[in-house]
Amino acid sequence: MSEPNLLQVTVCMGSSCFSRGNDGRAIETIRQCAETAGLVAEISGHLCEDQCTCGPHITIEGTLYSNVQVSCIPELLKHHLARGKEEHDG
Ligand code: FES
């Protein structure tokens, strides 16, 4: 992770990903889940990267996740953070 309690998340805001869930709901869910984990989400958006067929896409700390449904975001973040902790703890 970048800073101790900062979680960098990038959300594809291209029309395909946006219309399939990468809208305000996804952003708010990410923000809330990060907060629950004691983190501050630094969320930015990017334009379509021509991978629409497997979207919506969310990138957490440089790891790209595809087919991310809003309902899956809490579990995805938990999984990502647990994996990062494992790697950090050795
Ligand atoms: S809109 Fe997200 S990859 Fe195309």
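Helices and strands here are DSSP runs, numbered from the N terminus, with at least four residues for a helix (H or I) and at least two for a strand (E).

**Figure 1. The whole chain, a predicted model, holds three helices and four strands.** Follow the sequence and you will meet these elements in the pattern β-α-α-β-β-β-α. The C-alpha atoms fill a box of roughly 40 × 25 × 20 Å along the principal axes. A compact globule of 90 residues would have a radius of gyration near 12 Å, so the 13 Å of this chain agrees with that expectation. Of the 90 residues, 21% count as buried. Among contacts between residues at least 6 apart in sequence, 68% join residues at least 24 apart.

**Figure 2. Four strands make up an open sheet with mixed pairing.** Across the sheet, the strands run in the order β2-β1-β3-β4. At the edges sit β2 (40-46) and β4 (63-65), each of which pairs on one side only. From one strand to the next, the twist averages 25 degrees.

**Figure 3. Strands β1 and β2 pair in the parallel sense, and helix α2 packs on the sheet beside them.** Seven bridges link β1 (residues 6-12) to β2. To find your place in this pairing, look for Val-9, whose bridge partner in β2 is Ile-43. Helix α2 (residues 24-36) touches both β1 and β2, and its direction makes about 155 degrees with that of β2.

**Figure 4. The largest nonpolar core brings together 14 residues.** Those with the most contacts inside this core are Val-9, Val-11, Ile-30, Cys-33, Ala-34, Ile-58 and Ile-73. At least two core residues come from each of β1, α2, β3 (58-60) and α3 (73-89).

**Figure 5. A closer look at Val-9 shows its contacts with residues from elsewhere in the sequence.** With neighbours within four places in sequence set aside, Val-9 is in contact with Ile-30, Ala-41, Ile-43, Ile-58, Thr-59 and Ile-60. Ile-43 is already familiar as the bridge partner of Val-9 in β2, while Ile-30 and Ile-58 are, like Val-9, among the core residues with the most contacts.

**Figure 6. Gly-38 lies in the loop between α2 and β2.** Is this glycine buried or exposed? Gly-38 counts as exposed because it has 10 C-beta neighbours inside 10 Å, and the cut-off for exposed is 12 or fewer. Leu-7 is a useful landmark for this view: Gly-38 and Leu-7 are 31 residues apart in sequence, and their C-alpha atoms are 9.9 Å apart in space.

Notes
Residues are numbered from 1 along each chain as its sequence is written. This is a predicted model: local features need pLDDT of at least 70, side-chain atom pairs count only at pLDDT 80 or more; totals for chains, interfaces and linings use all residues. Two strands pair if DSSP finds at least two bridges between them. Axes are lines fitted to C-alpha atoms, for helices over the stretch in contact, and angles run from 0 to 180 degrees between N-to-C directions. Two residues are in contact if their C-beta atoms, placed from the backbone, lie within 7 Å. A nonpolar core is a set of buried Ala, Val, Leu, Ile, Met, Phe, Trp, Tyr and Cys residues joined through C-beta atoms within 7 Å. A residue is buried if 20 or more other C-beta atoms lie within 10 Å of its own, exposed if 12 or fewer, and partly exposed in between; C-beta atoms are placed from the backbone. The radius of gyration is taken over C-alpha atoms; the globule rule is 2.2 Å times the number of residues to the power 0.38.
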